[in-house]
Amino acid sequence: MWLAADERDGLIKEILDEGNTVEKKLENKQRWFLWVSTSETTRARPDSTISVVVYGLKGKSNEILLSNRKTGFKGGQTYKFEIATADIGTLYKIRIWHENSGTFSGYPLEKVEMENSKTSKHYEFLASCCWSTRDEGRRQIVQELPASGPESNNPLSVVHYIVVVYTGDVAEAGTDANVFVNIFGKLGDTGQRYLEESRNKQTKFERGQVDEFLIEAVDLKELTKIHIGHDASNPGSGWFLEKVEIRVKNDPSQLYLFHCNSWLALDKDDGTIVRELPRGDSKLLNTTNYEIHVKTGNVRGAGTDANVFLQMFGSKNNTDKIPLVSSENVRNLFERDRIDIFKTEFPNIGQIKKIKISHDNSQLSAGWFLDSVFIKVPSEGKHYMFDCFRWLAVDEEDGQTEVVLEPSVLENRDKAEPCQVTFWTGNVPNAGTNANIYIKLYGNKGKSEEYTLNNRSDNFEQGSVDTFKIEIPNIGNLQKILVHCDGKGLFAGWFLHKILIRRHRVDTNWKSGTDKIEQRRTGSKKRPKFVTASGTQHGNASNVEQHWFIVDQWFDKDANSLTKELVPTDLNGKPLTDYFDEVEYTVKVVTGDVFGAGTDANVFLTIYGEHGDTSERSLSKSQKMNKFERNQEDVFTLNAIDLGKLKKIKIWHDNSGSNAAWFLDYVEVRDNDNQQTFFPCQWWLATNEGDGQIVRELVPVKASLKKKLLKNEPESLKTQLGLEVKALTTTYHVKVHTADRWGAGTDANVYVILYGHLDNSGKILLKSSITNSNKFERNQIDEFIIEVIDTGELQKIKIGHDDTGLGSAWCLDKVIFDCPSLGKTWNFPCGRWLAKGEDDGLLERELYPQPLSSDYIPYIPYEITTYTGDVAQASTDANVYIALYSKDKRTQQKPLCLTKNERKQKFRRNAVDKFILEMENIGDDVEKIRIGHDGSGFGAGWYLAKVEVRKLISSGKSSKTFVFPCNQWLAEDEDDQLTERMLLVETSIIQESTAETQHRNHKEDSTTDQLLHKLPRSYRKYTHQELLNFQQKCIPIGYDTDHATANHSYKKKQDYRILITTSDQKDASISDDVWFILEGDKQTTYIIEKIKNSEGKFFQKFIFQCNDWVKVTEKISKNDSVRLCLVETMQDKQLTKKKRRRMVTYEIQVYTGDVKHAGTDANVYINIFGEDGETGRQALKQRFRDLFERNQKDTFLIKCLELGKLRSLFIEHDSSGFGSGWFLDRIEIINKTTREKSIFPCKTWLDKKKGTTSIFLQPKIKWKIVR
């Protein structure tokens, strides 16, 4: 465990509880006396060490060493030992062997006896024959002895297992290595036995050969599995094992078959030299993958050349000792400060309780400092961390070379399921390929990632059969697969004959052992059917389904056919009924007509529909020789399984070529039925233009809007739909923290993949940092904007790079994602290298968020339109910002432009600029805004004509625009020298949205899907029970006699049924708005005047006011709502009118005290608070005047909405300049309209050296009239 600020969790303190040690002692130990008796012999002093394993009905012991090296094991003697085991129950056998070393290793064994020291239960284990070395007699150094004596009523028999090993008939299939096997049954196992002498062949394990061996063991009853492997010794140790047959001698009825058909080789297949084979032919599906990461410590001499072994102990079973010899990522194992990755397969052992890791102390540099072991079990969704941080060395610490570790961290992740994929490459000339092959699976519950199908073997050769195991998420019933060949290499063409996919059964209609297809239709449309053809299965094959894909097609780069989507077929290649058909999509890509619009980069496209997506397709074959030129149409075709109604597209380029920047006008997609879907863009995909993004996700809009593109207004449609598209988009602000280590920065191309609960984003290149021109430098934070659609809430990310550039190695500290529209922030810690020569050598990391990720109130999008005036020098290069205000809420101040490049193109004379900002939801109405700039840049002065703020009404079908006139300078050398102004709303306009896709609901609007209007809150609080009593008893009368216009339909005296509900579900007083369920006709505008009850009498308890239009755009159901507000009771007889605030000017008089050094050169700011609002933070400054000098009065003017009675003010300075300390005497504020004056005494130092540079002041004299 690290106690370091720069490692792991960064903690330097940890509390350790007693008993949480790494090596835990065995609980409930059983102590035994053990006697070993040898028979009379003339041989003297056998000096080989004896080992024993004891088996009981509750389990078995660990390997126990019985050493007597001082005197050896002489003949005719009895040797006594004391041993300890866990509680393994009643004993039924032991296995005893010697290590076959020493001068006299073999000797005759007579018997073994054991007695429990506590219960005195006694067991005898009689040897049936002599025991010798491998060079003598029976050539066996292992004996299994059944228990006998008073505690064993029915001793087990010793049986002979005939093991028949079939070596495959493929090139270089044979091996000269030492092969071993361990047989498992209902009653234990045989232990690891070397297959040393073939009964029928002189040379073992040759290509296409069958070898037979004999193993003697206590009866295992029914066999379940075997472990078989070799020690990789001798040249040419790789071995292709076809299968193993085991039968009991003299009992032909007991025959067990174990299929393999895999390599056991360090340089082929998956590099495994030990395999676990279950009974039957579903080996890959019935085993669990374990991915083992072993980290060697970063201390001097930490690495080892010894042979390392690992054993896992689970809640269901234990593994054998696993040799860690074939790493997935490095050749030289267990080097200092490196991580070695190993993969192995075993039947599920359950939750891992502990592991034992050791080495054999071989080689010169055997001592090893082990930092930790990390184990991933994808099918169980478990990640285990085992901290060690100690030496395994005979000459260090306690001299031990073996350690038992328990998990220090257990994390739960998404589970995956095994899937076996078999490819048959065609047996035609040049059918094989050297290209990379990928596969992606689609189901009715989702899709998998794209998996690269490779291993250490030479795959996809002519006539070959290649089988792979992948682990996929739960995608439900299989709908289709996508197979992609990347076309790289000299011989990239590939002829694929067929594919077989086997996995555990999902569909309840699937039937084992039949080739019949169940017919099932729902309605007139085709729906995916998930019943598949199956062959005869073995073992537990009733739980396995298989899907055939007869292909017989070429994957050819020249023919633009490197990607194919396939649906399941029968064995004759006919697609199964009720699957979707293949569709040819015609894609028209139109490049914009602006300067520099064309691109030389490689462009890629993904189309998404209600039935899935096409995956990433390269747009490489156009009818035009030179693609993507200015004002050019390029047409592409791609084949895919029917996607249904199209939902979005993702289009991007790789930023390659000399002119990569691209202005995309629009994309149009047409299917076989000539159905067209229109995706406007009208924006740059460029790192040096616009917002710097080169990936765009586009949503479809009404086809009628395409006509706007025919006008000579290249941005008209984009600006019109910007707010609606933003509402459909999830925007992430991504901050990438590069670590503070030597060489931590990278010049490689970095990408990220976002995984939500609905979908993943695919690779997104992080090309344009909005904070730094040189990205990913040491100890630097780079911020990026990522926009995605319909991926769901973020669950994990993958981040990596392509290892290009001179300094490609990268040490990533963490990644922070902030999503304003969801109100969430995620922190993804990493603290690791992404480099081939560091850590584990991987270039990609899968990161999960910390549990302490934060939530806040979700933001909503606002469209801000600025109109720069048409006067001389009206433009500005300054950084413009804005804040929005309602009556009782405000947003934070936000800049309108994120980058300098974007600022250069905005705020030009007589220009109209639109911005989409995500800001706090301040309610339905925007009453005022504060807009200003920071005065930076050459020519910072800005003449602002007006500002418009548009926000969506929550249904998403209409929006409301608020107009704020200005027609003033924001400049230090013009008018009143103010660079910030508070603007009051003049008018508001409701207009219908033109977007085709519905607006996403935010948290605050989640009570209803159709929020049409909101009025001010009630003056009186009502209990929940009062509202319940009023339920379903009222009828509002809607009519309009004075306000009917051409834009609003007229409906006279129409009655509607309503239902009162409230967002508060507690029996307590509430102040929230009341909701009404309303039924009515479409295209009707209502004004609600009053309410009467169901008997026709006017209801006397409540009065409701709705002074605004309530627009109904479609037939309203019982779930649709109009939000009204209780304004007051009938006792007052009059409706309270909404108070309208006016714009006024406040004169601020600041008096600096008459004491030594009272003046200040710092920048001073003020915020005034009244009963009706606040001014916001305002800078007090004037040009060409020395402010805030000793005994001086300085006067300033602030124009804003009337604040009502002044309650307090907050004044501060920034401590800048020489002599920043300031003695403030008082502040006087005069309302220039009402001539009312408030005095705020202070007489306090605002000095950083004296403790504070800010203060809240309360008025001493209130509302004094100034004559």
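Cys485 is buried, at a relative accessible area of 0%, where buried means under 20%, exposed over 50% and partly exposed in between, with a 1.4 Å probe and protein chains only. Cys966 also counts as buried, at 10% relative accessibility. A disulfide is a covalent bond between the sulfur atoms of two cysteines. Here a disulfide is taken as a pair of cysteine sulfur atoms within 2.5 Å, and the count by this rule is 0.

The model is predicted: local features need pLDDT of at least 70, side-chain atom pairs count only at pLDDT 80 or more, and totals for chains, interfaces and linings use all residues. Residues are numbered from 1 along each chain as its sequence is written, and side-chain values use heavy atoms, with hydrogens and water left out.

**Confidence and chain totals**

pLDDT is the predictor's confidence in each residue, from 0 to 100. The protein chain averages 79, and 78% of the residues score at least 70. Over residues 997-1139 the pLDDT is below 50, although the model has 284 contacts for this stretch beyond near neighbours in sequence. Residues 508-541 likewise stay under 50, with 73 contacts beyond four places in sequence. Contact means heavy atoms within 4.5 Å. Where pLDDT is low, the predicted coordinates should not be read in detail.

The protein chain has 3 helices and 84 strands; these are DSSP runs numbered from the N terminus, with helices (H or I) of at least four residues and strands (E) of at least two. Of the 1267 residues in the protein chain, 53% are buried. Among contacts with a separation of 6 or more, 71% join residues 24 or more positions apart. The chain exposes about 59,600 Å², and carbon and sulfur atoms supply 46% of it; accessible areas come from the Shrake-Rupley method with a 1.4 Å probe, and for residues only the protein chains shown count as cover.

**Nonpolar core**

In soluble globular proteins, nonpolar side chains tend to be buried together. A nonpolar core is defined here as a set of buried Ala, Val, Leu, Ile, Met, Phe, Trp, Tyr and Cys residues joined through side-chain atoms within 4.5 Å. The largest one has 31 residues, and Val589, Ile607, Leu664 and Val667 have the most contacts inside it. Two or more residues come from each of strand 37 (582-591), strand 38 (603-609), strand 41 (633-641), strand 42 (646-653), strand 43 (662-670) and strand 44 (676-685). Leaving out residues up to four places away in sequence, Val667 touches Val587, Lys588, Val589, Ile649, Ile651, Thr677, Phe678 and Phe679.

Strand 42 also pairs with strand 45 in the antiparallel sense over 4 bridges; two strands pair if DSSP finds at least two bridges between them. Lys650 stands opposite Glu697 in strand 45. From strand 45 (residues 695-698), Val695 and Glu697 point one way and Arg696 and Leu698 the other, and all are buried.

**Two open sheets**

One open sheet has 4 strands in the order 21-20-23-26, with antiparallel pairing. Its edge strands, strand 21 (322-323) and strand 26 (402-405), each pair on one side only. Inside this sheet, 7 bridges join strand 20 (residues 308-314) to the antiparallel strand 23 (residues 352-359). Ser358 in strand 23 is the bridge partner of Phe309.

Another open sheet of 4 strands has the order 57-56-59-62, and its pairing is antiparallel. Strand 57 (894-895) and strand 62 (980-984) are at the edges with a single partner strand each, so one side of each has no neighbour in the sheet. Strand 59 (residues 928-933) is joined to strand 62 by 5 bridges and runs antiparallel to it. Arg930 stands opposite Met982 in strand 62.

**Loop residues**

Most residues other than glycine have a negative phi, and most peptide bonds are trans. The table lists two residues with positive phi.

| Residue | Phi | Loop between | Relative accessibility |
|---|---|---|---|
| Lys221 | near 65 degrees | strand 14 (210-218) and strand 15 (223-230) | 40%, partly exposed |
| Arg1235 | near 60 degrees | strand 81 (1222-1231) and strand 82 (1236-1246) | 30%, partly exposed |

Lys249 lies in the loop between strand 16 (239-248) and strand 17 (251-264) and counts as partly exposed, at 35% relative accessibility. Apart from neighbours within four places in sequence, Lys249 is in contact with His160 and Ile162. The C-alpha atoms of Lys249 and His160 are separated by 5.6 Å, while the two residues are 89 residues apart along the chain.
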